[in-house]
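Please work through the following exercises with the sequence and the structure side by side, and try each task before reading its solution.

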Amino acid sequence: QNDRVTLEIGARLIPVVDPRKGQSLLDRISATRREMARKDGLWIPPIRIRDNLSLETDAYRVLVCGRECGKGIIRPDQWLVIDPGSGAIPFRGEDTRDPAFGLPAKWISESERKRAELSGLTVVDAVSVMMTHLGEILRKNASELLGREDLKSLVDRLRETTPSLVDELIPAQLT
């Protein structure tokens with residue numbers, strides 16, 4: 001069976017997976033899956049992270065059922081400044097767009113970060129940018145994530161803790 005969700009990352013993004021460098025990408029993905037289940041009621045299958053050396057070094061892409069559903073470029077050593085208002089960001093940096101929502105943005109250095117925060121702009125670290133984009137892709141493609149076997153497994157687990165509830169909801173075989 002193919003992985004239902006795969007996050008492919010370029011070579012320069014491989015260190016963000018390393019758990020020895022603080023909160024790793026694996027931790028962030030687990031937290032995102034739990035949050036989506038709690039907040040949105042969405043069951044998200046495990047997400048495979050794979051390096052892809054054919055991508056640009058700072059690029060990532062998200063595949064759902066083997067189909068590319070989104071991609072982006074992040075700068076792991078910089079901060080993304082997003083201005084949801086005028087789109088004019090008065091800082092030195094690389095102009096871009098927020099990959100999740102398409103808003104005008106700019107990658108800035110750590111030295112510009114405090115000034116950007118004080119000016120009221122949204123300032124986000126690179127991994128959070130990628131995680132927000134991943135979350136939006138998962139929400140848009142949620143209908144493709146839960147298969148028949150997954151549902152059976154969820155019902156079987158529920159039957160272990162509250163069998164009467166399962167018997168009331170599913171008294172006989174559903175066609």
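A residue is called buried when its relative accessible area is under 20%, exposed when that area is over 50%, and partly exposed in between. The model used here is a predicted one.

**Exercise 1. A covered helix**

Task: Find which residues of helix α3 are buried, and check what its end C-alpha atoms say about its span.

Solution. Begin with the cover: α3 is mostly covered, since 12 of its 15 residues are buried. These buried residues are Ala126, Val127, Ser128, Val129, Met130, Met131, His133, Leu134, Gly135, Glu136, Ile137 and Leu138. Next, take the span of the helix, which runs over residues 126-140: at 1.5 Å a residue it should span 21 Å, and because its end C-alpha atoms are 22 Å apart, the two values agree. Finally, look at the N-terminal end of α3, which is capped by Asp125, with a side-chain oxygen of that residue placed 3.2 Å from the backbone nitrogen of Val127.

**Exercise 2. Two residues of one strand**

Task: Decide whether Thr6 is buried or exposed, and do the corresponding step for Glu8.

Solution. Start with Thr6, which belongs to strand β1, residues 5-9. Its relative accessible area is 4%, so Thr6 is buried. If residues up to four places away in sequence are left out, Thr6 touches Arg48, Arg50, Arg61, Val62 and Leu63.

Now turn to Glu8, which is also found in strand β1. Glu8 has a relative accessibility of 4% and therefore counts as buried. With the residues up to four places away again set aside, Glu8 touches Arg50, Asn52, Leu55, Ala59, Tyr60, Arg61 and Leu63. Two of these neighbours deserve a further step: the side chain of Glu8 makes a polar contact with the side chain of Arg50 at 2.9 Å, and another with the side chain of Asn52 at 2.8 Å. Glu8 also takes part in a network of salt bridges that links it with Arg50, Arg61, Glu68 and Lys71.

**Exercise 3. Three salt bridges**

Task: For the pairs Arg48 and Asp3, Arg38 and Glu35, and Lys106 and Asp95, work out where the partners lie and how accessible they are.

Solution. The whole structure holds 21 salt bridges. In one of them the side chains of Arg48 and Asp3 meet, with 2.3 Å from N to O. Arg48 lies in strand β2 (residues 47-51) and Asp3 in the segment before β1, so this pair ties together parts that are 45 residues apart in sequence. Arg48, at 43% relative accessibility, counts as partly exposed, and Asp3 is partly exposed as well, with a relative accessible area of 29%.

In the second pair, the closest N and O atoms of Arg38 and Glu35 are 2.8 Å apart. Both residues lie in helix α1 (residues 25-40), 3 residues apart, which is about one turn of the helix. An α-helix has 3.6 residues a turn, so residues three or four places apart point the same way. Arg38 counts as exposed at 61%, whereas Glu35 counts as partly exposed at 35%.

In the third pair, Lys106 and Asp95 have their closest N and O atoms 3.4 Å apart. Because Lys106 lies in strand β7 (residues 104-108) and Asp95 in strand β6 (residues 94-97), the pair ties together parts that are 11 residues apart in sequence. Here Lys106 is buried, with a relative accessible area of 10%, while Asp95 counts as exposed at 59%.

**Exercise 4. Two residues in loops**

Task: Say which residues Pro45 is in contact with, leaving aside its neighbours within four places in sequence, and find the phi of Cys65.

Solution. Pro45 is placed in the loop between α1 and β2, and at 3% relative accessibility it counts as buried. Its contacts beyond those neighbours are Arg4, Val5, Arg33 and Leu145. For Leu145, which is 100 residues from Pro45 along the chain, the C-alpha atoms of the two residues are separated by 6.8 Å.

Cys65 lies in the loop between β3 (59-64) and β4 (67-73), and it is partly exposed, with a relative accessible area of 39%. Its phi is near 55°, a positive value in a residue other than glycine. Most residues other than glycine have a negative phi.

Conventions
Residues are numbered from 1 along each chain as its sequence is written. This is a predicted model: local features need pLDDT of at least 70, side-chain atom pairs count only at pLDDT 80 or more; totals for chains, interfaces and linings use all residues. Side-chain values use heavy atoms; hydrogens and water are left out. Helices (H or I, at least four residues) and strands (E, at least two) are DSSP runs, numbered from the N terminus. Buried means under 20% relative accessible area, exposed over 50%, partly exposed in between (1.4 Å probe, protein chains only). Contact means heavy atoms within 4.5 Å. The expected span of a helix is 1.5 Å times one less than its number of residues. A polar contact is a pair of N or O atoms within 3.5 Å; within protein, one must be able to donate a hydrogen and the other to accept it, and residues adjacent in sequence count only if both atoms are side-chain atoms. A salt bridge is a side-chain nitrogen of Lys or Arg within 4 Å of a carboxyl oxygen of Asp or Glu.
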